[in-house]
Amino acid sequence: MQHPGFRFAGIGSYLPDEIVTNDDLAANMDTSDQWIRERTGIGQRHVGGSTSSLAAEAASRAMKRANVSPADIDQLLLATTSPDYICPGTAPAVAEILGLDCGALDIQAACSGWVYGLVMANGLLLQGMKRVLVVGAEALDQITDYTDRNTGILFGNGAGAAVVEADPTGESELLGWDMGADGKYVSILYAEHGDVLKMDGKEVFRQAVTAMQRSASNALEMAGLDVDDIDLVIPHQANVRIVEAAWKRIGFTMEKTGMRLEETGNTSAASIPLVLDKMLDDGRIREGNTVMFLGFGAGMTWATAIVRYAGERS
Ligand code: COA
């Protein structure tokens with residue numbers, strides 16, 4: 001692959017303070033903490049805040065880590081499936097809060113959106129930009145019915161962000177990628193205007209496993225790598241059983257896997273950068289590690305990016 005160079009300059013994330021536990025949900029619907037944990041791996045979810053405010057907080061943390069000012073950002077890409085408004089997009093409001101003076105647009109690729117954003121940022125660096133801010137942010141409590149036990153157990157709010165920049169050495173961290181969509185499956189997970197999410201959970205489960213396997217394989221092929229070359233994987237955090245089922249087919253182990261689902265629930269486009277930030281904080285990702293981000297979601301959409309992490313925090 002030809003690149004001008006692509007590197008992570010800074011990562012940040014944010015979860016709003018308010019927490020809804022499984023027991024809180026069980027007070028309003030026929031479910032239990034035990035059922036939700038066994039069937040999904042989720043223990044709680046965060047709620048509150050607007051998508052723009054959550055996005056701005058995560059983005060400012062990422063910019064601080066990258067040691068850049070608003071004038072250094074050439075483009076904002078905001079992946080979200082729960083925008084503040086149907087129109088306009090949420091990215092201009094985030095740019096306003098941050099004091100950016102650059103292009104700003106939303107990416108609506110549901111839970112795959114942040115990984116789509118990374119690949120698109122790479123394209124913008126190829127076009128000559130120096131720095132792109134890629135944010136995944138969700139206020140899913142706006143479109144979730146917390147009395148519906150089919151969907152209400154799953155979703156929560158949060159945001160994660162990365163400043164990616166052109167590397168003057170030409171060295172690239174982005175080794176391979178894959179993006180895909182299959183609109184045959186629109187009806188298995190959707191929200192109509194003004195309404196909440198509706199879902200055929202079993203079919204989403206099945207399609208997610210298939211999509212993850214295919215997308216991981218495509219990205220590995222592009223990177224010229226094998227499964228064993230991947231040091232760590234961060235999958236979209238939807239259901240731990242989906243991840244386990246996909247890993248049986250692909251050959252990854254849970255030891256290599258970054259999970260934060262118990263703490264966050266499914267935060268859609270925010271889920272992968274939320275895990276990435278925590279793994280960096282915990283020292284689980286080290287300089288030179290090869291890391292795969294593997295997203296899937298409504299649409300269906302899916303996206304994978306394989307990066308060799310060059311190091312942003314010590
Ligand atoms: N609490 C308690 N019991 C529940 C329940 C809940 N929240 N939801 C369903 N049940 C019951 C069902 O009524 C059924 O009871 P029965 O056996 O007496 O008929 C039983 O539990 C099994 O239900 P089922 O629908 O087969 O559960 P499941 O194992 O498929 O799990 C999901 C349901 C939603 C957790 C699961 O299908 C899933 O996670 N799918 C993917 C969803 C997803 O990730 N969406 C986002 C993608 S980005």
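**Exercise 1. Sort the residues of the shell around the ligand by class.**

Solution. The shell holds 10 nonpolar, 7 polar and 5 charged residues. Here Ala, Val, Leu, Ile, Met, Phe, Trp, Tyr, Cys and Pro count as nonpolar, Asp, Glu, Lys and Arg as charged, and the others, Gly among them, as polar. The model is predicted: local features need pLDDT of at least 70, side-chain atom pairs count only at pLDDT 80 or more, and totals for chains, interfaces and linings use all residues. Residues are numbered from 1 along each chain as its sequence is written, and side-chain values use heavy atoms, with hydrogens and water left out.

**Exercise 2. Find which residues come nearest to the ligand, and which helices supply the shell.**

Solution. Start with the 22 residues around the ligand; Thr-31, Arg-39, Arg-149, Lys-202 and Asn-239 come nearest. A residue is near a molecule if one of its heavy atoms lies within 4 Å of it. Next, take the helices (DSSP runs of H or I, at least four residues; strands are runs of E, at least two; both are numbered from the N terminus). At least two shell residues come from each of α2 (33-40), α6 (201-223) and α7 (240-250). The largest share, 4 residues, is that of α6.

**Exercise 3. State where the ligand lies relative to the two domains, and why.**

Solution. Domain 1 (5-167) and domain 2 (174-308) both give residues to the shell, so the ligand lies between them. The domain bounds come from an automatic or database domain assignment.

**Exercise 4. List side-chain polar contacts of the ligand, and give its covered area.**

Solution. A polar contact is a pair of N or O atoms within 3.5 Å. For Asn-239, a side-chain N or O atom is 2.8 Å from an oxygen atom of the ligand. For Trp-35 the distance from such an atom to a ligand oxygen is 3.3 Å, and for a polar side-chain atom of Arg-241 it is 3.5 Å. Of the 960 Å² of accessible area that the ligand has on its own, the protein covers 73%; areas come from the Shrake-Rupley method with a 1.4 Å probe.

**Exercise 5. Locate the cis peptide bond before Pro-88.**

Solution. The bond joins Cys-87 and Pro-88, with omega about 5°. Pro-88 lies in the loop between β4 (75-79) and α4 (91-98).

Key:
Polar contact = N/O pair within 3.5 Å; in protein donor to acceptor, adjacent residues only side chain to side chain.
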